[in-house]
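Please explain how this structure is arranged, beginning with its metal site and moving on to its strands and its helix.

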Amino acid sequence: MKITAIEMIPLVRELEDAFAGGTYRIVNRYTIVTRIHTDSGVVGEAFGGDEDQRQERVVATARDHLIPLLIGEDARHPERLWQLMADARPDLGNRGIHVLDLNNHGILMQAIAAIDCALWDALGKHYGVPVATLLGGYRDRVPVIAIGGYLKEGIGPEDLRAEIHHYRDIGLSGIKLKVGRLTVDEDVDRVRIAREAAGSEWTIVCDANQAWTPDDAIEFCRKAERYHLGWMEEPVRWSDQLEGLRKVGRASSIPTNAGQGEINRYGCRDLVSVGEVGYLNVDVTIAGGVTEWRRIAGFVAHHHVKMAHHEEPQVALHLLASIPHAAFVEIFPNPKRDPMWFDLPVRQPEIVDGEMLVPDAPGLGIELNEEVIERYRGDR
Ligand SMILES: [Mg+2]
């Protein structure tokens with residue numbers, strides 16, 4: 001199965017509404033469609049990423065530095081192809097200044113990730129099995145939660161209650177509630193309202209998007225502990241992640257979750273061994289693809305840490321279904337927040353009793369809508 005061509009198509013789509021988390025505001029939805037053509041007729045394809053200012057550079061890095069290395073290579077050897085890309089070490093204008101060069105390293109790892117995810121789709125199609133099966137096939141469904149609880153002007157407790165009832169009604173098993181924009185006490189009160197609306201069994205996790213100092217985060221966790229949160233995601237500011245996470249994790253019974261900003265296995269190792277996170281939500285489309293993600297999942301297993309995943313359910317579902325130590329797949333159930341999830345795939349995986357079912361079709365099992373790709377292409 002020799003690779004004959006690789007296409008990368010950047011998509012960009014303006015959102016009808018802006019969405020604000022603890023430390024950011026989203027107004028567009030970006031993603032990249034990657035297609036790997038082979039001489040056996042198999043076409044591997046995947047979409048992923050939500051990168052705004054750097055999307056063009058991710059595509060250019062793949063086109064100029066990575067894709068030429070892979071033409072003519074056998075697509076059945078993902079470790080070999082991954083290493084070819086990692087060893088290429090293209091000159092992206094690095095200056096030997098660690099923090100400034102991280103941007104370039106992040107771009108490179110996203111380019112590798114886009115190709116690697118499409119490669120695993122091709123492998124699944126070649127062997128005639130879902131990617132989840134190829135990776136170990138631990139289960140055929142994964143609990144699914146909503147990313148929600150966004151704050152907006154004029155939104156009150158009634159709206160939060162209604163939002164949670166809606167997620168329950170459409171069969172989801174929980175919510176990831178955005179916190180970190182208000183005072184600690186106001187956020188704790190939102191958690192109380194959410195727990196009352198959800199009932200005692202339904203999953204609630206919180207995500208502060210790195211909004212707090214360790215002291216604020218500890219105060220929140222101690223006060224919110226009684227509402228049985230599944231995890232506290234990215235509680236502390238970027239500047240002191242490792243020690244900060246460790247302090248917060250040790251201060252209450254709520255496990256911490258982080259990793260969505262890491263670009264490879266080494267950063268994840270430090271989050272586990274120094275930051276003592278309980279969950280790792282490393283994103284396959286940011287941190288080097290399926291090949292790197294499964295290395296990380298293997299490493300955390302012997303530290304009693306569980307794997308979560310940041311967004312990207314079309315790939316995350318397979319990863320989380322493939323291992324025993326996995327938590328939830330997450331979606332944006334609001335089409336205004338993630339319109340691509342609703343119409344870029346021809347159909348979404350089925351959700352039954354709070355769980356998302358792994359599609360039976362080989363590969364990632366997601367057929368893409370050509371009309372949507374053409375309408376939102378960002379490369380012309
Ligand atoms: Mg997050």
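What spacing do the donors of the magnesium ion follow along the chain? They follow the spacing D-x25-E-x26-Q. Asp207 lies in strand β6 (residues 203–207) and Glu233 in strand β7 (residues 232–233), so the pair ties together parts that are 26 residues apart in sequence. The protein donors, at 2.0 to 2.3 Å from the ion, are Asp207 (OD), Glu233 (OE) and Gln260 (OE1); donors are N, O and S atoms within 2.8 Å of the metal (3.2 Å for Na, K and Ca), and sites may look incomplete because water is not among the atoms. Both Asp207 and Glu233 are buried, meaning under 20% relative accessible area with a 1.4 Å probe, protein chains only.

The model is predicted: local features need pLDDT of at least 70 and side-chain atom pairs pLDDT 80 or more, whereas totals for chains, interfaces and linings use all residues. Residues are numbered from 1 along each chain as its sequence is written, and side-chain values use heavy atoms, without hydrogens and water.

Helices (H or I, at least four residues) and strands (E, at least two) are DSSP runs, numbered from the N terminus. Strands β2 and β3 pair in the antiparallel sense over six bridges, where pairing requires at least two DSSP bridges. Four residues separate the two strands in a hairpin, and Gly41 in the turn has a positive phi of about 95 degrees. Gly44 in β3 is the bridge partner of Ile36. Five of the six residues of β3 (residues 43–48) are buried.

Helix α1 comprises residues 55–70. Its buried residues, among them Val58, Leu66 and Leu70, pack against β1, β2, α2 and α3, contact meaning heavy atoms within 4.5 Å.

Terms used: Expected span 1.5 Å × (residues − 1). Buried < 20%, exposed > 50% of the residue type's maximum accessible area, 1.4 Å probe, protein only.
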